[in-house]
Amino acid sequence: MATQQAEIIAAHGRHYLATAEVDGQKLRLHCVTRGKKSDIAVGDLVEIALTSKDQAVIEKIVTRKTLLYRSDQYKSKMLAANLTRLLIVVATEPGFTDDLVSRALVAAESAGITPWLVLNKVDLAEALPRARERMQMYRDIGYPVLEVSAQGNPEATRAALLEIIQGESTILIGQSGMGKSSLINLLVPDADIATREISAALDTGKHTTTFTRLYDLPEGGKVIDSPGFQEFGLHHLSEGMLERAFPEFVPHLGHCKFYNCHHHAEPGCAVLAAVESGEITTLRHDLFEQLVHESKQKVGY
């Protein structure tokens, strides 16, 4: 059976929604996999075989450029494939957790995706100085921070975001309450309608916020919205992958007294010396130690 390429724009269980060019028309197709496979992510390019005018079977995944996922001790959750940008949305209020932000940055670094921090609700003047102070740690490491106000200044916010994501494949992630949905609605004016259509096509009914979905940007590029979550496990990353995912560690790697240094309590550790001198913050080193500990909790480790 002849196959053609399609792009996965939403997933729910083992049911997928994809777009494909069929006879010069861009169609939305309901896709299933053969057997019980469910290792397909939003943003994946796939080879499909049409089974009817609006249904298809996924035959294979085209080799991915990148894959972003999180994992706990028992299972992993793919967030999106073929990303070039990760926007971590935080707000002046309600408060955000540094743990989630740092974990998302580590995930982006290890997957080869360019991360940006987006500080939303900067019109809330009273809470702004404290939020900026907390952002400074990430700026010092070298991460770019974009300050916006989706409600207070929507046009400038949309223009500033497009500067970063136009022509890119971008996912927005963040805790609930940060204003991520407002940013998506600015970027994709008919996002709510599109989400309802996707939800109906996947037969998910009212659960419109529980799945990841991809939208084409009118200006070119793609933006992916993901459900808000409070935890970002990285159990799939080894100790070696983790140390290289902290950019401020990198200049010190290879300079420790012992070649197999764990940067924990070893004498002559260059990373610990950098923590001592303030080049690396204690908060970030503590996170590194926590992530290494978690990676060793994997079942069957």
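**Close-up views of Thr170 and of the annotated binding site**

**View 1. Surroundings of Thr170.** Setting aside neighbours within four places in sequence, Thr170 is in contact with Leu83, Arg85, Leu87, Ile165, Lys222, Val223 and Ile224. The model shown here and in the following views is predicted. Thr170 belongs to strand S11, which spans residues 169–173. Because its relative accessibility is 0%, Thr170 is classed as buried, the limit for this class being under 20% relative accessible area.

**View 2. Residues annotated as a binding site.** An unreviewed UniProt entry carries the annotation "binding site" for Cys256, Cys261, His263 and Cys269. Two of these residues, Cys256 and Cys269, are treated individually in the views that follow.

**View 3. Surroundings of Cys256.** Cys256 is located in the loop that connects helix H6 (239–244) with helix H7 (270–277). With a relative accessible area of 13%, Cys256 is buried. When neighbours within four places in sequence are left aside, the contacts of Cys256 are Cys261, His263, Gly268, Cys269, Ala270 and Val271. Cys261, His263 and Cys269, which are among these contacts, are also covered by the UniProt annotation.

**View 4. Surroundings of Cys269.** Cys269 is likewise placed in the loop between H6 and H7. Its relative accessible area is 5%, and Cys269 is therefore counted as buried. Which residues does Cys269 touch, not counting those up to four places away in sequence? They are Cys256, Cys261 and His263, each of which is named in the "binding site" annotation of the unreviewed entry.

Key:
Residues are numbered from 1 along each chain as its sequence is written. This is a predicted model: local features need pLDDT of at least 70, side-chain atom pairs count only at pLDDT 80 or more; totals for chains, interfaces and linings use all residues. Side-chain values use heavy atoms; hydrogens and water are left out. Helices (H or I, at least four residues) and strands (E, at least two) are DSSP runs, numbered from the N terminus. Buried means under 20% relative accessible area, exposed over 50%, partly exposed in between (1.4 Å probe, protein chains only). Contact means heavy atoms within 4.5 Å. UniProt positions are given in the numbering used here, feature names are shortened, and annotations may be inferred rather than shown by experiment.
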